[in-house]
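Welcome to a short guided tour, to be taken one selection at a time. Keep your viewer open beside this page and follow along.

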Amino acid sequence: ALLPCMDSGRRYMVCCGKEICSGCAHAPVIDHRGNRIDKVGERKCAFCRVSETEVNEENLKRFKLRMKKGDALAFYGLGCNYFKGRHGLRRDIDKALELWHKATELGCAAAHRNIGIEYLRGSSKSTRKDEKKAAAQFELAAMKGDAMARAKLGDDEYKAGNTDRAIKHFLIAVSLGSEQGLNYIQALFNAGHVSKDDYASALRARQAYLDEII
């Protein structure tokens, strides 16, 4: 089964490097006696059975161990923590970008997308506003299967007047799980730019995606 395409719909398990859907990660866990386990310290990873922790130092240690193994999601996840200033870390956009760049070298699509967003914002010393570099990062993210980046490319094409190319991007985005892509398709259908067949294909693709993640 697929995992949700958005970052909020999945959770990276830093203990073993696996991903799990957020719903499953936060659902009450049942022990071998049938008792619910709601306390973080008593819960274990569904994959490796290592106890979960809220201790910042322990989480950082686990991230570094995964990074030594060349885990792209570890670099990406730690970068997100620096970007948001979570888990006891000081907010540091440049450090986040450094980690995301390493994650892209290891094949992380989401890291390309985040770097692209920062090139659009131009909010850091190391990443000044540059729409061309942003577009290049979104293209790389889309090629690696990032639904949000694919929808962004479609939006860029539509704004440039390339409706047919935009529709192709949106259809791909929908098949990857992008609700935003479907919203664009619906709007273009209502405006008469999308055929009934393409609209129906988008609806089927969206339903197929939902069926896969349930």
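A salt bridge here is a side-chain nitrogen of Lys or Arg within 4 Å of a carboxyl oxygen of Asp or Glu. A search of the whole structure with that rule finds 14 salt bridges. We will visit some of them later, but a few ground rules come before that.

This is a predicted model, in which local features need pLDDT of at least 70 and side-chain atom pairs count only at pLDDT 80 or more, while totals for chains, interfaces and linings use all residues. Residues are numbered from 1 along each chain as its sequence is written, and side-chain values use heavy atoms, with hydrogens and water left out.

**Stop 1: the whole chain**

Show the chain as a cartoon. You should find 10 helices and four strands; helices (H or I, at least four residues) and strands (E, at least two) are DSSP runs, numbered from the N terminus. Starting at the N terminus, the order of elements is β-β-α-β-β-α-α-α-α-α-α-α-α-α. The C-alpha trace spans about 55 × 45 × 25 Å along its principal axes.

Now switch on the surface. Its accessible area comes to about 12,300 Å², with 51% belonging to carbon and sulfur atoms; such areas come from the Shrake-Rupley method with a 1.4 Å probe, and for residues only the protein chains shown count as cover. Of the 214 residues in the chain, 41% are buried. Buried means under 20% relative accessible area, exposed means over 50%, and partly exposed lies in between (1.4 Å probe, protein chains only).

**Stop 2: N114 and its neighbours**

Select N114 in helix α5, which covers residues 109-121. Is N114 buried or exposed? N114 counts as buried because its relative accessible area is 11%. Leaving out residues up to four places away in sequence, N114 touches Y76, C80 and W100, where a contact means heavy atoms within 4.5 Å.

**Stop 3: aromatic rings**

Next, display the side chains of Phe, Tyr and Trp. Their rings (for Trp, the six-membered one) pair if their centres lie within 6.5 Å; planes under 30 degrees apart count as stacked, over 60 as edge-to-face and the rest as tilted. The whole structure has five aromatic pairs. One of them joins F83 and W100: this pair is tilted, with 5.4 Å centre to centre and 40° between the planes. F83 belongs to helix α3 (residues 72-84) and W100 to helix α4 (residues 93-105), so the pair links parts of the chain 17 residues apart. Both F83 and W100 are buried.

Add Y76 to your selection, and you have a cluster of Y76, F83 and W100 linked by ring pairs. Then add R91: its charged end sits over the ring of F83, 4.9 Å from the centre. For that label, NZ of Lys or CZ of Arg must be within 6 Å of the ring centre and within 35 degrees of the ring normal.

**Stop 4: salt bridges**

Side chains of opposite charge can pair when their charged atoms come close. Select R66 and D71, whose side chains meet in a salt bridge at 3.0 Å, N to O. R66 is buried, with a relative accessible area of 16%, and D71 is buried as well, at 10%.

Go back to helix α5 and pick R121 and E118, which form a salt bridge of 2.8 Å, N to O. They lie three residues apart in that helix, about one turn. How accessible is E118? E118 has a relative accessible area of 2%, so E118 is buried.

Move on to R165 and E157, where the closest N and O atoms of the salt bridge are 3.4 Å apart. E157 counts as buried, at 14% relative accessibility. To end this stop, select D7, R113 and D146, which salt bridges with shared partners join into one network.

**Stop 5: cysteines**

A disulfide is a covalent bond between the sulfur atoms of two cysteines. How many disulfides does the structure hold? The structure holds zero disulfides, taking a disulfide as a pair of cysteine sulfur atoms within 2.5 Å. Select C48 and C15: the sulfur of C15 is the closest cysteine sulfur to that of C48, but at 3.5 Å it is too far for a bond. C48 is partly exposed, with a relative accessible area of 30%.

Finally, select C80, which is in no disulfide; its nearest cysteine sulfur belongs to C108, 8.1 Å away. C80 is buried, with a relative accessible area of 12%.
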